[in-house]
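Me: I'd like to go through a few labels on this one and see what backs them up. Can you take a look?

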Amino acid sequence: MPEVSNKTLPGGKLKEIRFLDTPIMSTYLVAFCVGEFDYVQAQTEHGVLVRVYTPPGKSESGLFALDCATKSLDAYDDFFGIPYPLPKLDMVAIPEFAMGAMENWGLVTYREVDLLIDPAKASSNQKQRVCTVVTHELAHQWFGNLVTMAWWDDLWLNEGFASWAENWAADVINPHWSMWDQFTTGHLASAMRLDALRSSHPIQVPIKHAEEVEEVFDAISYCKGGSVVKMIRAVLGMKAFQSGLGAYMKKHAYKNTETFDLWQAWQDSSGMPVQEMMASWTEQMGFPLVTVAEEKWEDDKVTLTLEQEWFLSDGSELSEEDKEKKWCIPILTCTAEGTQQDMIFMREKTATITVPLPSKDGWVKLNAGQDVPMRVKLTSAMIDRLSAGIQSKTLPAVDRAGLLLDGYALVKAGKMSPESLIKLLSNYTDEDDYTVWTGIAGIIGGLDAVLSDDPTMCGYFQPMAKKIVMGLHDKIGWEAKESDGHLSTLLRGMMINLLSTFCHDDANVAAEASRRFALFQENHGDMKSLPSDMRTSVFKIVVKNGGEKEYEAVKAYFDQATDNAERKFVLSSLGHASDPKLKVRTMEWSISGDIKLQDFFYPMGSVSHSSNEGRHVAWEFFKANFETIKKFIGNASPSLMDAVIVSCAGGYCSDEKADEIDEFFRSHPVPKSSRKIQQTLENMRANAKFLGTLRASALSKEEFWSALV
């Protein structure tokens, strides 16, 4: 709350500062910050004073976040129908902070890199990141602060809704960013990767002791929670969705709630049985696979018989009990004429739907808009018909991306042949949408990671991956254009990152990266030669093709950079050096104390993700230095150890390595990371099974790939 008075006490050494009374609130939301800060400030249109506090001399770096905050506070006021309840909002950049941010009421604390950006240097990725972190935390001022969950087992009421709202508010502020398309390849994809494991957990997870909640600050509470909220909005419609939220806020302001209270508010606003519909999505873990079991095509319609079952990433056999699991699934469809208005709920194991066709050769896409967190297995006839929609782009970008995400997951689970995935991918040769390319990059990156355990197959695959990437390169090039928007800039950054993975040894790519790096070394402020969006990728190309000289040149920028966002470019690239000795040196540097605790796992990840050899270097270093790393983290957030474990042990694709890693953690237990360890091991075994599937397919034959290249 704001100051009421500030006076110096007798003796002149102490001050007494009085503040306005704090409203009724949960104690975990109380914060004090003491330090020397500069600040920038502005007032919202609704009269709230907003300040962004920065380190001395860096006040201008808070202007972008300030603009996001003032606009999103007003947007949330209007959306909820309840004004922000405090007279001021302060946002403070903390030099070392394990989390991205914390939503303390009226005094939100942030990691520096998630609040402060240099307007002249900031990449499009950084701007989007800062915007969504700010909009996420400010959503909490209502969902979490004004109305607070009764206990931690309803954590998702805070984080799931804020994960939805961050995208809603960012879309209001920046409609040209296509945040809802990006949601599909971001939040939804993250949720489904984790929730396809047997070691996942329900959105509503029992918490007996408060410290247990650390293990569920994950993609289920945040991303699946946000995905379920997105699904509810699609089912109820925005009017009933919004009015229900407003009624919920008014009824429960300054009180505690449980999930049931939110369901009741939406039930009242919509007249729909929300509690019945949603129990299967929040009270049981996992999500469904909907398979088209039968199809009947006619000139003006198609009749589809659907079946549902629990989807698991490794495709493992379901027990009789597992087979009984079912969800209340909204079935949304689209054709070339757009999304169909008729929606049915698939409550049982099977359902039949009829969809009108605009033409005899028309296509139908299930899960229109990717609004439901589920996988869909289409028939070959449906995929063949959809090819026309993909190639002409009459199928919306979010659905084009969804087909790829589903296809890759189905192949990993043994529900679709690898050959069919490659055939599907061949329809995207003229693709230029950033969100869809995120899906393409996920497939070729995933295949590369798994096939790296089989040098022969990897050698067959990489020329095709290079051809795909160079096709995008030829379309958009290295140079920015005046017509570029936010998404075009993101796409170019992605393309150059793909070059660093698949084309770093191409003579032209290597020469262009070296040229730009040389200009950058002459002038670090040269944003034309080396924009922030491509710095990590160019650094990777330079260290991959170079030796110790280039390694040291990139590393030197860590000390020369003026902000943490720029230093992170070094942390994320240095481990890609080809020389194993330099990889080891990078690992040693990570725990030297030169890097902030909040960031020290980034160089470990760069080593592990650099190559098959890099994985071994990272894992061996972790084992040899486990006690040092454990002591280094100390009592800091368990999320740091989770990040180290994923970085150093998570890249393998063999059951043998999974057994070795499992045995290591049995003899070196990390109780607060036990869930993350189990998820990592399960994912590793799923990838080992996937590699076996690829080896048994036509993809193991050189002639399969040579025909494509």
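Reply: Sure, here are the labels with the cut-offs behind them. It's a predicted model, where local features need pLDDT of at least 70, side-chain atom pairs count only at pLDDT 80 or more, and totals for chains, interfaces and linings use all residues. Residues are numbered from 1 along each chain as its sequence is written, and side-chain values use heavy atoms, with hydrogens and water left out.

Me: Why is Asp67 called partly exposed?

Reply: Its relative accessibility is 34%. Buried means under 20% and exposed over 50%, with a 1.4 Å probe and protein chains only, so a value in between is partly exposed.

Me: What makes Asp67 and Lys71 a polar contact?

Reply: Their side chains come to 3.1 Å. The rule asks for a pair of N or O atoms within 3.5 Å, one able to donate a hydrogen and the other to accept it; residues adjacent in sequence count only if both atoms are side-chain atoms.

Me: Why is the aromatic pair of Trp281 and Trp327 called tilted?

Reply: The centres are 6.5 Å apart and the planes meet at 50 degrees. Rings of Phe, Tyr and Trp (its six-membered ring) pair with centres within 6.5 Å; under 30 degrees is stacked, over 60 edge-to-face, and the rest tilted, so tilted it is. Both Trp281 and Trp327 are buried.

Me: How do you know that Arg385 lies over the face of Trp297?

Reply: Arg385 is 3.9 Å from the ring centre. The cut-off is NZ of Lys or CZ of Arg within 6 Å of the centre and within 35 degrees of the ring normal. Arg51 likewise has its charged end over the ring of Tyr39, 4.2 Å from its centre.
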